[in-house]
Amino acid sequence: MLMLKNLKQLIFSVEMKKKKRERNNNNILLQASNELFIGLNVILWRKRHRLFSLISAVSGCLLLLLFAFSVFTPPPTATDHFLSHHPSAVKKTEVVESNFDMVLQVPASGGTLGRDLWTSSQSKFYYGCSNASKSFQSADMKTHPNRYLMITTSGGLNQQRTGIIDAVVVAYILNATLVIPKLDQHSYWKDTSGFAEIFNVDWFISSLSRDVEIIKELPRNEGKAWIPRSMRVPRKCNSKCYEIRVLPVLNKKHAVELTKFDYRLSNRLETDLQKLRCRVNYQALRFTDSILELGKILVERMRMKAKQFIALHLRFEPDMLAFSGCYYGGGEKERGELGAIRKRWKTLHVSNPEKVRRHGRCPLTPEEVGLMLRALGFGSDVHIYVASGEVYRGEETLAPLKALFPNFHSKETIATKEELAPFSSFSGRMAALDYIVCDESDVFVTNNNGNMARILAGRRRYFGHKPTIRPNAKKLYKLFLDRNNMTWDEFASKVRTYQIGFMGEPKEVKPGKGEFHENPDSCICQANGLKTPQEDDENSKERKEGAEVSDEQQQQQPQPLEEDPDWTDIFYLDKELPDVITKQEHPEVE
């Protein structure tokens with residue numbers, strides 16, 4: 001019995017140990033499972049962390065690249081489309097935005113407009129008239145003895161021409177004898193030519209003998225040379241201004257030299273003085289025989305090439321573009337080149353190219369001139385004589401114009417080197433040759449409003465209102481901006497509309513407006529007994545439109561500055577302070 005009881009206890013204890021061992025094994029297994037699970041979680045967390053770090057690193061690099069690209073890439077320029085579309089321009093580092101030729105299909109023909117492109121329909125109603133009135137005193141009656149006026153001109157040929165013209169009038173106002181003017185020999189042009197080497201001196205003196213006494217040099221005073229008093233008058237000084245400022249000095253010193261004499265006489269003078277201006281400009285100032293002879297040859301050779309031709313005065317020199325502050329889409333290279341030239345003038349303010357262009361103060365590019373002419377009706381068969389100096393970027397800039405008008409000529413192409421040799425070293429004489437051809441052309445065109453453009457515009461008005469086309473730059477600027485978004489017919493129609501009032505027709509400019517040299521209204525007379533189309537009621541609408549555009553034309557005229565009268569004749573700038581004169585002192589001074 002006892003043995004049986006002990007056996008049962010032994011079996012029970014064995015079973016209990018077995019169960020305890022099983023429980024321990026289960027706990028160990030559970031603990032191992034937990035540890036395995038935790039280990040797996042740790043491994044997965046580490047992998048996710050590394051993946052997230054990788055993604056973050058890649059994203060950061062992309063953001064950094066995007067930021068660098070946005071910082072170092074130059075912004076698009078709104079006016080880049082003004083750069084020439086010549087294929088070679090595309091090969092450069094600067095990218096031309098517009099693909100002009102693929103958008104605006106320019107026809108080779110000018111089309112049929114139902115009007116004569118080569119003449120003015122109203123020219124027969126007007127003629128030049130500059131004879132003095134009966135009340136105009138002659139030189140022998142009013143010239144005082146021992147009263148001598150000398151002047152020194154400045155600038156290029158045509159800027160000097162304005163000074164010579166006004167000097168004769170000032171001598172008349174002061175009752176003085178005029179000494180033959182000295183030409184500017186120290187400016188950018190470096191032209192050593194004297195008056196007698198460009199103009200016919202004897203003709204100049206004799207043709208004005210009734211108006212003003214003129215001598216070739218200052219006479220001696222009791223065996224001694226006169227020492228003239230050098231002085232300068234304000235720009236746009238009128239008769240009273242000269243009587244107050246110069247006459248007392250002239251009476252005391254007997255000889256006065258007025259320096260930098262350009263645009264020193266008012267536009268608004270009495271009629272007889274304005275007519276004297278015209279007699280000097282259109283009759284007395286005659287080039288020398290040698291210049292006239294070669295000029296005539298150039299015109300004849302152009303006539304041999306075509307019955308009618310256009311003369312284009314193209315101002316696109318680097319100096320002029322730099323001074324103007326205009327920008328034509330050449331990128332940093334253009335800004336650097338022109339900016340370096342612009343530093344020559346210390347007093348120039350920082351330019352705003354967009355504003356200058358918007359106000360119509362930038363000359364048209366050669367391509368834009370070509371598009372304007374085609375839109376006005378001139379086909380690719382027209383012959384063009386181009387008067388220009390050094391064109392910025394040379395052939396690359398001229399290529400689009402030559403593509404539009406292949407019959408492209410200049411004095412260098414129609415005259416031999418031997419013929420040009422006596423003139424080629426003198427910019428004034430070379431400019432005189434261009435002046436003659438432009439004056440004799442059937443249509444005169446300019447891309448600017450400089451001195452030559454104004455002088456020739458007035459001359460062509462005086463001698464029969466021959467067509468003279470000057471761009472309405474303020475309106476055309478907007479049109480050229482948008483030219484890729486219209487058909488050719490729309491573009492051409494707008495050009496013709498905008499150019500009303502800019503074609504050299506009579507009465508385009510209101511009397512007294514603009515420079516007198518470009519609008520000599522006192523010297524333009526209307527034929528008696530003839531009714532002009534402008535006076536017909538049926539043309540009143542067109543007349544009104546022309547008047548409105550003419551007002552715009554006046555707003556576009558660059559006003560003379562004290563430091564420089566016209567940015568297109570930029571080559572003789574001084575660093576003087578402006579002459580000061582108040583309205584209270586002389587209310588008539590402009």
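## A walk through strands, helices and two unusual loop residues

Tyr-148 stands opposite Thr-177 in β3. That pair is a good place to begin a tour of this model, which is predicted.

Tyr-148 belongs to strand β2, residues 148-151. How is β2 joined to β3? Two bridges link these strands, which run parallel. Together with α5, they make a right-handed β-α-β unit. Strand β2 also pairs with β8, again in the parallel sense, over four bridges. There, Ile-151 has Leu-258 of β8 as its bridge partner.

Now look at the side chains of β2. In a regular strand, side chains alternate between the two faces of the sheet. Here Tyr-148 and Met-150 point one way, while Leu-149 and Ile-151 point the other way, and all are buried.

Two loops beside these elements deserve a pause. Between α5 (157-173) and β3 (177-179), the loop holds Asn-175. Its phi is near 55°, a positive value in a residue other than glycine. Another loop, between β8 (255-258) and α10 (271-284), contains Tyr-263. For Tyr-263, too, phi is near 55°, positive although the residue is not glycine. Is Tyr-263 buried or exposed? With a relative accessible area of 4%, Tyr-263 is buried, because buried means under 20% relative accessible area.

Next comes an open sheet. Five strands form it in the order β11-β10-β9-β12-β13, and the pairing is parallel. Which strands stand at the edges? They are β11 (408-409) and β13 (468-469); each has a single partner strand, so one side of each is left without a neighbour in the sheet.

Strand β9 offers plenty to follow in this sheet. Residues 309-314 make up β9, and six bridges join it to β10, residues 383-388, with the two running parallel. On its pairing with β12, β9 has four bridges, also in the parallel sense. The table lists some residues of β9 with the residues they face.

| Residue in β9 | Opposite residue | Strand of the opposite residue |
|---|---|---|
| Ala-311 | Tyr-385 | β10 |
| Leu-312 | Val-386 | β10 |
| His-313 | Thr-446 | β12 |

Why can β9 be called largely enclosed by the rest of the structure? Six of its six residues are buried, so that description follows. Both faces of β9 are covered: Phe-309, Ala-311 and His-313 lie on one side, Ile-310, Leu-312 and Leu-314 on the other, and all are buried. A helix also lies across this part of the sheet. Helix α20, residues 451-462, lies across β9, β12 (443-446) and β13, and runs at about 155° to β12.

The last stop is helix α11, residues 289-305. Its 17 residues reach 25 Å from the first C-alpha to the last, close to the 24 Å expected at 1.5 Å a residue. Which residues of α11 are buried? They are Ile-291, Leu-294, Gly-295, Leu-298, Val-299 and Met-302. These buried residues cover an arc of only 145° around the axis, which puts them on the same side of α11. A general rule helps here: an α-helix has 3.6 residues a turn, so residues three or four places apart point the same way. On the face of α11 turned away from the buried side, you will find the exposed residues Asp-289, Glu-293, Lys-296 and Met-304.

How values were computed. Residues are numbered from 1 along each chain as its sequence is written. This is a predicted model: local features need pLDDT of at least 70, side-chain atom pairs count only at pLDDT 80 or more; totals for chains, interfaces and linings use all residues. Side-chain values use heavy atoms; hydrogens and water are left out. Buried means under 20% relative accessible area, exposed over 50%, partly exposed in between (1.4 Å probe, protein chains only). Two strands pair if DSSP finds at least two bridges between them. A crossover is right-handed if, with the strands pointing away from the viewer, the path from the first strand over the helix to the second runs clockwise. Contact means heavy atoms within 4.5 Å. Axes are lines fitted to C-alpha atoms, for helices over the stretch in contact, and angles run from 0 to 180 degrees between N-to-C directions. The expected span of a helix is 1.5 Å times one less than its number of residues. The arc is that of the directions from the helix axis to the C-beta atoms.
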